[in-house]
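Trainee: I've got a model open on my screen and I'd like to talk it through. Can we go over it together?

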Amino acid sequence: MRPFVLNVALAAIAMSCANSTASRAAWEPVRPVEFIVPAGTGGGADQMARTIQGIVTKHSLMKQPLVVINKAGGAGGEGFLDVKTSSGNPHKIIITLSNLFTTPLATGIPFNWKDLTPVAMLALDEFVLWVNAEKPYNTVKDYVDAVKKAPSGSFKMGGTGSKQEDQIITVGIEKAIDAKFTYIPYKGGGEVAVQLVGNHVDSTVNNPIEAVAQWRGGKLRPLCVFDAQPMAYDEPIADGKAWKDIPTCKSQGLAMEYLMLRGIFMSPKATKDQIEYYVELFKKVRATPEWQDFMKSGAFNTTFLTGAEYAKWVEAEEKRHEGLMKEAGFLASGN
Amino acid sequence: MEELANLFHGFAVALQPYNMMLMIIGITLGVIIGVLPGLGGANGVAILLPLTFSMPPTSAIIMLSCIYWGALFGGAITSILFNIPGEPWSVATTFDGYPMAQQGKPGEALTAAFTSSFVGALFAVIMITLVAPLVAGFALRFGPAEKFAVYFLAFCSFVGLSKEPPFKTIAAMMMGFALAAVGLDSITGQLRLTFGVTELLNGFDFLIAVIGLFGIGEILLTMEEGLAFRGGNATINLRVVLQTWRELPAYWMTSLRSCLIGCWMGVTPAGATPASFMSYGIAKRLARRGNNFGKGEIEGVIAPETAAHAAGTSALLPMLSLGVPGSPTAAVLLGGLLIWGLQPGPMLFVEQKEFVWGLIASMYLGNLAGLIVVLTCVPIFAAILRVPFGIIAPLILVLCAIGAYSVHNSTFDVMLMLVFGVLGYLLKKCNYPLAPLVLAIVLGDKAEEAFRQSLLGSQGSLGVFFSNGLVSTIMALGLVALFWSAIQEGYSRLRTSMV
């Protein structure tokens, strides 16, 4: 929903007063760069893209404007197909979330991440198991026991989107503890957290940034994080507890791990110089204090990968999603 | 009164020259954004968001929220002058605003729209100031079933109160539902009715449909009627503002009712669009001159505009206190809060007093500034109608095309707009009402989503819609609104038979 012309004009005004200290790489954008967000305005990917745009503008990291454009149609399929068909256009990059894998698998649109050129992994988003603070579940064990005791399907899990990350995790939990939830899909993560506060669902697997406000307000309680190790942030958030104090689900007997990619890809057939330019750009973005504050506020996992390492990670993750979604019966017919 | 002390502190923040300047810039930009169809408030705010990165958060939100107010004001201008709603919540304003403009009363219609907008916003801000914590908690009680009940009420108050033949109304509404179903089904994650066409992944965007149905359709009709634009004899001076103001107090009841509907819809948060439709529908039924609605009745402008602004303003309350946006623009502002390092939610009112109350104070001042800006421009806007149709029609067409293109940056949408234009023309010729169709496109998928979420939660039992006092009351109100004509008729028959 981005009016491109005005967008460029405004960004150009902002850029014109900037002394560019842009990279000395062999290639540089000669036109404004479109930054595609395959999700709606206001969501996690959109926030990250706009934060990056703000950082690039504030620190004058690019000579050309960076223009954020949302293409959310078909669970992001619209955005991916747009970049796929812009072969050889180095002025188009896209930020991805897990729908990079889930959307083509669930809907059968003609797209695979290999159609794009991987640039860099910026961060990984964590998932935390949340319950309403009024409920008596203080540990994962209390919670699992309650789920098992309740009639099958009477426990409601709220999440963002259908056949996407939240539901994949839900299915993973079902497998791990051999119980059944009713999964209720909502449009946005903030809405999911509030539904949990209002007791309209029994638990959620919100990202930290989506639920932190309600945790601090004493309305929600985190039980465990779906990562291999606890999160790195030790600043107290609520009741003297920090992100770091949330145990991993695995250590609590709930064997499920899931992290969501927040990575950058560009259009097909990009040259080495062009990839290098964007890698350098994002390295500079990552070094700014604003980026670090943003990482802290969302308790992100700050792993940074580029090149072959990044591609390998994505490939492994694709296989894993295919397996998880196949088991859950989420694949589109014909896949 | 700790709130009042905080508020005065907020005024001190908002009245700093730098913030005042941002306020005026924001309002002006917002009006321009609102006037261009397609480029809504959410887009405008999103584009400017990164530019506010280096400002203090309070100044940034003052500017961005003023863009929001400006867009709310601006949306009414094209609705009234050209029958092209720039924003979803301006659709109901066209029903009576455009006929007024055609009768040579664009000045009155614009003044009524702007003034009602201001009244609605003011009412909502006062509510936010005084009862913020109380009201915020109310939104928590709204699960999927309650949300569906609200949409149900919006549809019912529109169908039951419509003066058109009920079958044509229902046919138009069903067409809207069918169009709304295209795209991704958010409950199962499957694509529906896209037939493998990439362009349809996004479904039919409301704005494209509206620009076509109303804007292009209207141009086609005018062409048929002899290329005359009937607003040519508009009086254009500022006196019209004062004259209209003298009339307005007579409609206080409609205003008050619309304010209440708007605040309720904004807080729940169902948004400004159902608020404006519901308020228009109810005003049509209850107003003394309700039979004249749709033919240029000033009350038909007051009701939707008041409710839309009250809802748009109160939508910021759940955003600040709970982190749930009540409107698309509020969703973008919410993203802004996070980027500036502020955590929306229960603690914001405690930890960020200066920010919250600066924002609330800027709501008072921003709306006042907005009202002054747009009212002084009423003669200029009204004068546009004096331009001959031969010149203005191509301009509107270009404006519509740009608007349709800018929604998703896609030329396919421009074609789609033209198709909708022809459809709009045909429907009008056959006397099918457009309003229910539009209402169904806007709210259809949301209502469907809430309905299916409720049934998922209740494991398929319809009892969920009558499972507690709140949801039962709203559903009952909806049913009453749906069968209102029948109830009234039955009552009068009962009385005559008793006599």
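Mentor: Sure, and one term before we start: a crossing is left-handed if the near helix is turned anticlockwise from the far one by less than a right angle, and right-handed if clockwise. Keep in mind that this is a predicted model.

Trainee: So which hand does the crossing of helix 5 of chain B with helix 13 of chain B have?

Mentor: Look at residues 91-102 and residues 299-314 of chain B, whose axes lie 8 Å apart. Among the residues that meet there are F95(B) and M100(B) from helix 5 of chain B, and V301(B) and P304(B) from helix 13 of chain B. Going by the definition, the crossing is left-handed.

Trainee: And are those two helices of chain B roughly parallel or antiparallel to each other?

Mentor: They pack at an angle of about 150°. Angles over 145 degrees count as roughly antiparallel. Helix 5 of chain B and helix 13 of chain B are therefore roughly antiparallel.

Trainee: Zooming out, how many residues does the globule rule for chain B take in, and what radius of gyration does the chain have?

Mentor: Chain B holds 23 helices and 2 strands. For its 499 residues the globule rule gives 23 Å, and the chain comes close to that, so it is as compact as a globular protein of that length; its radius of gyration is 22 Å.

Trainee: Where is confidence lowest in chain A?

Mentor: Overall, chain A averages a pLDDT of 88. Over residues 12-23 of chain A, though, pLDDT stays under 50. Where pLDDT is low, the predicted coordinates should not be read in detail. With a mean of 50, the lowest element is helix 1 (residues 4-16) of chain A.

Note on methods. Residues numbered from 1 in each chain as written. Chains lettered and ligands numbered in written order. Predicted model: local features only at pLDDT ≥ 70, side-chain atom pairs only at ≥ 80, totals over all residues. Helix = DSSP H or I, 4+ residues; strand = E, 2+ residues; numbered from the N terminus. Rg over C-alpha atoms; globule rule 2.2 N^0.38 Å. pLDDT = per-residue confidence, 0-100. Contact = placed C-beta atoms within 7 Å. Axes fitted to C-alpha atoms, helices over the stretch in contact; angles between N-to-C directions. Parallel < 35°, antiparallel > 145°, perpendicular 65-115°, else oblique.
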